[in-house]
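Thanks for coming, everyone. Today I would like to talk about the empty space inside one protein, and about what surrounds that space.

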Amino acid sequence: MTKPSLPDLLHAAVSAVGGTERPGQVAMAEAVAEAIDDNSHRLIQAGTGTGKSLGYLVPALAHGERVVVATATLALQRQLVERDLPRTVDALHPQLRRRPQFAMLKGRSNYLCLHRLHEGAPQDEEDGLFDQFEAAAPTSKLGQDLLRLRDWADETETGDRDDLTPGVSDKAWSQISVSSRECLGATKCAYGAECFAEAARERAKLADVVVTNHALLAIDAIEGAPVLPQHEVLIVDEAHELVSRVTGVATGELTPGQVNRAVKRSAKLVDEKVADALQTASETFERVMELALPGRLEQIPEDLGYALMSLRDAARNVISAIGATRDKSVHDEDAVRKQALAAVENIHAVAERITIGSEYDVVWYERHDRFGATLRVAPLSVSGLLREKLFEDRSVVLTSATLKIGGDFNGVAASLGLSPEGVEGDDVPLWKGLDVGSPFDYPKQGILYVAKHLATPGREGTRGDMMDELAELIEAAGGRTLGLFSSMRGAKAAAEELRGRLDNPILLQGEETLGELIKNFAADPKTCLFGTLSLWQGVDVPGPSCQLVVMDRIPFPRPDDPLMSARQKSVEEHGGNGFMAVAATHAALLMAQGAGRLVRASGDRGVVAVLDPRLATARYGSFLRATLPDFWYTTDRNQVRRSLAAIDATARADDK
């Protein structure tokens, strides 16, 4: 039997989802197939509307070996598993003569734990699970969530938190889930045969395509114990997010509350002397943290160093003691022991990591008004880790709508541990970059407007001229505005100010769930939606409800961000331009994602307005603009108001 051709397979898949083939999608599919056949690597930029999911799924399914697809957002995971993969598998079946299996796999804490649900969380006495709710219906939100989770446990087939609608708070979920460290293991657990997390792993072992998230991919790489099944091909979608997700997984933290909980959980399992030593170390650490001021610690202060060594040594002794004792008087002893061990091992690991000190780690204090001080440690760079763990023994395809920064792939490639394109050498993974473009005609569909006449934004204080400009733009657009702000404070200030000045409804992130906000925004063209960074990538509203995207300022990292400033300094010490490599690259990625909210379909028209004159006047402005879609560019405020009014008039006429 002749092997079906890639164009035929792609045509069948695109027809099945009701789409139309695009040249960029065909070019992408061919590049993915070539990478898989050559066991090589690709960075592929595929603009909105390309149909990149099918661009990589079709060649991956045709290949026949196991493929892992890692994404950053829940929305894309759901789209792949619930829509794209079922339709594509059905469409390809007649030609492939087989029906590839697919499965979703996440970290253990994403699944309901039946042991914890039925036996209760072995936590401190005041944190009991259901006992206080047995006699009467709970009145607290937490109590209601817990009872709803118990009912849901009888209905759900997956136990996956993301299948629970509406969702519950992190606090409620933590009562009925466990981390991998806290898990008893299927063979020791009374509920092992019914375990949702184990069932998901078994499905993944049998699947041809495993859909997971960046965090689990990072855990698989960092912790050494394989979580993902063996696979020949790795496809990383939303790849511009990968470095930050891996950094998050590789970051450790210590708080006095966290240490105190570990003390309580382990005290009943070890003798008094060992428990007292950890208690004393905990109190010393808490006293140091009370005086902690936010910022990077380039040298560990003597009092903190002493407190961490005491914590490390006391935690090590507790770990040894827990392993050597058995106490049948403790209810559900194995679970209590496992949770205590997990808590103490984490404290030992972080305290030791900071105490040893590495030139490749950044340590800093954070301070929160409500929760107090946190001590954090994160890798200065994850590029070496990614180069070593990601690109060996498999073909890797990284794709996103935003991978070319300032006009080429090399910036993103460097953050992934790759050398510049085409550079060969020992232990240097070879890769090729491909920009398949976008099916949209950006110069005709959109305008990039920079408010060059405004004052340069300062660090603090309200921007009266910016508020006036924003109000005028919204009025010209007739609403239809997505406001993307570099801080929640800025979004709130703008919402409060403009609610008093405009008749348009203004929705604000945080006042309702994100899904509800987007639904309401899309339903009424007069409505505006204001929010911050997490909105920059999550909004997909084609059509007339979103015809003006406003960014209040260039989203550089805060100057006092310890990790970003440390990375910038490191680049400079090695002879590079730290500002361009770190701050400008960070801003360019975010701005490209933000600007990408405007044109989501071939009929969309509108304006991206940046209310920061530096995009037009600063030397780095051209670098940032080169990363954005190729909109028609202007700094003429009158021209942009006329254009917005015309777009609004057309949209209103179409509505009639």
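I will take the cavities in turn, beginning with how they were found.

This is a predicted model, in which local features need pLDDT of at least 70 and side-chain atom pairs count only at pLDDT 80 or more, while totals for chains, interfaces and linings use all residues. Residues are numbered from 1 along each chain as its sequence is written, and side-chain values use heavy atoms, with hydrogens and water left out.

A cavity here is a set of points, on a 1 Å grid over the protein atoms alone, where a 1.4 Å probe fits but cannot get out, and lining residues have an atom within 4 Å of a point. Points are joined across faces, edges and corners, and a volume is the space filled by probe spheres set on them.

The search of the whole structure finds two cavities of 30 Å³ or more. The largest has a volume of about 240 Å³, and of the 21 residues that line it, Cys 113, His 115, Val 178, Cys 183 and Leu 184 lie nearest its centre. Two elements, α5 (114-119) and α15 (333-356), give two or more residues to this lining, helices being DSSP runs of H or I with at least four residues, numbered from the N terminus. The largest share, three residues, comes from α5.

What, then, lines the second largest cavity? Around its space of about 40 Å³ we find Leu 217, Ala 218, Ala 221, Ile 222, Leu 242, Val 246, Leu 385, Leu 386 and Leu 390, and α10 gives the most, with four residues.

Terms used:
On a 1 Å grid over the protein atoms alone, a cavity is a set of points where a 1.4 Å probe fits but cannot get out, and a pocket is an open set with protein on both sides within 12 Å along at least five of seven lines; lining residues have an atom within 4 Å of a point.
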